[in-house]
Every structure is written in C-alpha cells, then in structure tokens.
Amino acid sequence: MSDGDRAFDALFREQHPRLFRYLHRLGGDAELAADVSQETFVRLYRRSEPPDDPAAWLITVASNLFRNARAKRSRRARLLTPERGASAVGDAVPAPDAALVSDRRRAAVRAALETIPERDRRILLLRAEGYRYREIAAALHLNETSIGTLLARAKRAFRSAFGEAYHAS
Amino acid sequence: MHLDDGGIQALLHGELGADAERWEGHVERCPVCRTRLEEARADEAELSTALRSLDVPAPSLSADAVRALARGGLGAGPRWRPWRVAAGVALAIAAAGALYALPGSPLRRAVEALRDSPPAAEAPAPTAAGHESGVALRIGSDFTVAFDSPGVADTVWVVVADDSLLSIRADRPASFRSRPDRLTVSGPEGTRYRLLVPREAPRVRIEADGRPLLEVRSGAPGPELPEDSEGARALPLGG
C-alpha cells in the first residue's frame with residue numbers, strides 16, 4: 001500500500017463516520033447520507049492532489065452533492081422522523097411510555113432542525129461533529145471570527161424551535 | 001468587560017487562539033462570565049444528547065471500497081487504471097455472494113437484504129449524485145454475470161483486475177440482483193458497463209438473455225476478444 005493510500009485510509013476512518021452523521025442529521029435521510037458521503041470520498045480519491053484542508057473540502061463537496069441530491073428527491077422529503085432503524089443495534093427496548101417520549105423528543109428535534117434557518121442548522125450540526133471554526137467557515141463561506149457569534153445565535157434558535165415543537169406535539 | 005456570546009462559545013470550543021489565556025484568566029475572576037460559560041457548557045451537552053437521538057448506525061463502508069469505486073467508475077478521469085482496479089465494497093454473505101451498493105444505491109436496503117439472506121438482493125436506483133450505478137461482490141469459484149434483456153447497443157467492457165471482488169458499474173441507473181452463484185443485471189437501452197473480474201476467480205461466465213457470451217478462467221478471457229489499449233475487452237450484449 002502506498003503512502004497516499006495509507007493517508008487516504010486514515011482520513012477515511014476519521015472523517016467518514018462524522019460526515020455521514022452530519023448529513024443524516026441535516027436531512028433525516030440515512031440512505032441519502034450514505035450515498036452522498038460515499039460519493040464525496042470517491043471524489044476525494046479521484047483528486048490528483050489531496051486538498052489543503054481535507055475536512056473543509058469534504059464538507060463543502062458533500063454539502064453541494066447533498067443539496068443537489070435532495071432537490072431531486074424533494075418529493076420524498078420527510079420532515080419528521082422516526083424512520084426505520086433509528087435506534088442503534090443493541091439498544092434496550094424501551095417501555096411503551098418511554099418509547100413514546102423518546103419518539104416525541106426525536107420528532108421535536110427533527111422539527112426544530114427543519115425550522116431554523118439553513119445556515120444555523122449547518123453551523124450547529126457541523127460544530128456538534130467537532131469541526132473547527134476554520135473548517136466551518138471555509139465550508140460555509142463565512143468569516144471564521146463570526147462563527148462563535150453565529151453558533152450562539154443558532155443554539156438559541158434551536159432551543160426555541162425545539163421547545164415549540166415539543167410542546168406542540 | 002465581559003465575554004460576548006461568541007466569545008463564550010469560542011472559549012468553550014478552544015477557539016480563542018492567542019487570546020485564550022487572557023480570557024481564561026478573566027473567567028476565573030469573573031463570576032458573570034463563569035456562570036455564562038457553565039450555562040453554555042450545559043446547553044451544549046443537552047444539544048448533543050438531543051442530536052444523538054437522531055443517529056443511526058453508519059453504513060459499513062471501507063476505504064478499499066471507495067478506492068474501487070473511484071477507480072472503477074466509468075469516465076472516472078485521470079486516475080482510471082483498468083488493470084489495477086482494486087476490490088470493491090463488500091458485504092460478505094457466508095458462502096459466496098455479497099452484494100454491495102455503489103453510489104446511488106440504497107445501502108441500508110442492501111444491508112438488510114443481505115442480513116435476511118434472501119435469494120436475491122436488489123441494489124438499483126438512481127444515484128444520489130449522478131446516474132451511474134453498480135455493485136461489488138465477493139464471488140465463489142463458479143460465477144455467472146447475466147444481462148437481462150440487453151438493448152442492441154448495450155456493451156460491457158470486461159477487465160481482469162488484481163482484486164478479490166468482482167464489480168460492475170453502469171453509466172446509467174441499472175438494477176442488480178445477486179445470488180451466491182449469479183448476478184443478474186438489467187439496465188436501460190444503451191447502457192455501457194464496465195465489469196471487473198478478479199484475476200484469481202477460477203471461472204466467471206457472462207451471459208446475455210441466457211446466451212453464453214464469454215468465459216473468463218483464472219483471469220484469461222480467451223483470445224477471441226482483443227483487448228484495447230487499457231486492457232479492456234469490449235463485449236457487445238445485443239443481438
């Protein structure tokens with residue numbers, strides 16, 4: 001295995017799970033998230049040179065692919081979960097009441113994400129995946145120094161939307 | 001002077017850069033900022049819990065699989081090296097067939113289909129990021145790739161690869177059904193396929209509508225099909 005392949009493997013192991021998770025949280029569609037995250041890494045591998053900032057490159061490309069793919073699938077868009085397989089393998093089966101609360105909470109989280117402005121949603125979810133401000137700024141074409149402020153605003157918007165969605169359900 | 005909202009977030013995330021030490025010292029002395037930082041930390045933990053409630057397991061995809069897809073794609077660009085196509089993604093089925101969806105295929109459905117061990121697993125569908133489609137699978141000692149009702153202009157380029165998986169990619173949305181000894185492929189009129197056959201596979205047969213077209217034995221497709229400059233052999237499927 002070449003040094004390049006080893007580097008690619010390491011990057012893949014580190015970045016693929018978080019990219020998938022980010023896309024899934026962003027759109028609520030695991031199938032789409034899997035397709036887009038895979039295609040993003042295919043495109044990364046096809047590059048003749050690695051990007052200067054691989055994490056930012058991955059988010060940027062994935063976001064573009066995601067936007068295009070989601071537009072095509074808009075007729076299938078689902079605003080609310082739950083979807084099949086939403087709980088991890090091995091989770092204990094919750095009691096009926098607990099399951100109800102859990103489903104209600106999950107639906108409220110999804111609804112809140114769909115309610116807040118797209119930029120807020122992306123900043124919130126990218127930071128939740130541990131992306132650095134520099135990477136978020138590069139991917140969303142923002143000024144790095146404004147990320148903290150935008151993040152605080154996005155959290156407020158989410159908290160408010162979540163409260164409304166939860167109590168409305 | 002207190003930290004503003006953005007500063008609190010930046011401090012929480014270790015993003016204050018050269019100012020970090022100064023502000024950390026300030027927060028130690030300032031009860032207002034300390035309280036706000038603690039609230040921000042608690043808020044972040046709550047948000048994290050909320051978001052985790054949405055999560056599903058990530059698909060089992062390997063870097064090897066991505067490399068295979070990148071190298072095997074039709075029109076893949078400068079990195080396309082037909083004789084060096086590596087293995088693809090694989091989800092092993094115990095004895096032989098394993099089906100794995102390439103870009104645009106419903107991965108989760110494929111996984112579920114495999115887990116339930118049906119006689120065939122669908123892996124079709126338009127892609128998320130284009131119109132190509134394909135599968136990669138681990139095959140047994142005797143395997144058939146069958147093209148179902150190919151159009152007159154359909155062609156498959158057969159490439160023998162130093163790889164452990166058989167993979168096929170179509171330049172249009174095609175459907176793929178697998179059994180341990182057989183892969184059935186169906187695509188729209190005019191589809192071009194690139195089939196990568198593992199060099200070590202003892203026997204791979206290619207059929208179109210039940211007609212035997214080609215047999216590859218231990219990496220040797222036979223002399224009747226001349227290979228092009230890239231080592232691919234064009235095999236018309238129609239007629």
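This text walks through a predicted model of two chains, from overall fold to cores and aromatic rings.

Start with chain A. It has seven helices and zero strands. Along the sequence the pattern reads α-α-α-α-α-α-α. Of its 169 residues, 52% count as buried. Take the contacts in chain A between residues at least 6 apart in sequence: 71% of them join residues at least 24 apart.

Chain B is built from five helices and 11 strands. Buried residues make up 55% of its 239 residues. Among contacts in chain B with a separation of 6 or more, 69% come from residues 24 or more positions apart.

Now look inside. In soluble globular proteins, nonpolar side chains tend to be buried together. The largest nonpolar core here has 74 residues. Within this core, A:L23, A:V36, A:F41, A:V109, A:L113, A:L124 and A:F158 touch the most other members. Domain 1 (1–91) and domain 2 (102–169) of chain A each supply at least three residues to this core. Apart from it lies another core, of 27 residues. Its members include B:L137, B:F143, B:L195 and B:V204.

A:F41 deserves a closer look. Setting aside residues up to four places away in sequence, A:F41 touches A:F8, A:L11, A:F12, A:Q15, A:H16, A:L19 and A:L58 in chain A, and B:V66 in chain B. Ring pairs also link A:F41 with A:F8, A:F12 and A:Y45 into a cluster.

That cluster leads to the aromatic pairs. The count comes to seven over all chains. One of them joins A:F8 and A:Y45, with ring centres 5.0 Å apart. Why is this pair edge-to-face? The planes stand at 70°, and the cut-off for edge-to-face is over 60 degrees, so the pair qualifies. A:F8 lies in helix α1 (residues 3–27) of chain A, and A:Y45 in helix α2 (residues 30–46) of chain A. The two are 37 residues apart, so this pair links distant parts of the chain. Both A:F8 and A:Y45 are buried.

A:F162 and A:Y166 give a second geometry. Their pair is stacked, at 5.7 Å centre to centre and 25° between the planes. Both residues sit in helix α7 (residues 147–168) of chain A. They are four residues apart, about one turn of the helix. An α-helix has 3.6 residues a turn, so residues three or four places apart point the same way. A:F162 has 17% relative accessibility and therefore counts as buried.

Charges meet rings too. The charged end of A:R104 sits over the ring of A:Y166, 4.1 Å from its centre. The charged end of A:R18 sits over the ring of A:Y131, 3.8 Å from its centre.

Helix α3 (residues 54–72) of chain A shows how a helix fits into this packing. It has 19 residues. From first C-alpha to last it reaches 27 Å, close to the 27 Å expected at 1.5 Å a residue. Its buried residues include A:W57, A:L58, A:I59, A:V61, A:L65 and A:F66. What do the buried residues of α3(A) pack against? They pack against α1, α2, α5 (118–128) and α6 (133–140) of chain A.

End in chain B, at B:H26. This residue lies in helix α2 (residues 20–29) of chain B. Is B:H26 buried or exposed? Its relative accessibility is 15%, so B:H26 counts as buried. Leaving aside neighbours within four places in sequence, B:H26 is in contact with B:M1, B:H2, B:L3 and B:C33.

Key
Residues are numbered from 1 along each chain as its sequence is written. Chains are lettered from A and ligands numbered from 1 in the order in which they are written. This is a predicted model: local features need pLDDT of at least 70, side-chain atom pairs count only at pLDDT 80 or more; totals for chains, interfaces and linings use all residues. Side-chain values use heavy atoms; hydrogens and water are left out. A nonpolar core is a set of buried Ala, Val, Leu, Ile, Met, Phe, Trp, Tyr and Cys residues joined through side-chain atoms within 4.5 Å. Buried means under 20% relative accessible area, exposed over 50%, partly exposed in between (1.4 Å probe, protein chains only). Domain bounds come from an automatic or database domain assignment. Contact means heavy atoms within 4.5 Å. Rings of Phe, Tyr and Trp (its six-membered ring) pair if their centres lie within 6.5 Å; planes under 30 degrees apart count as stacked, over 60 as edge-to-face and the rest as tilted. A charge sits over a ring if NZ of Lys or CZ of Arg is within 6 Å of the ring centre and within 35 degrees of the ring normal. The expected span of a helix is 1.5 Å times one less than its number of residues.
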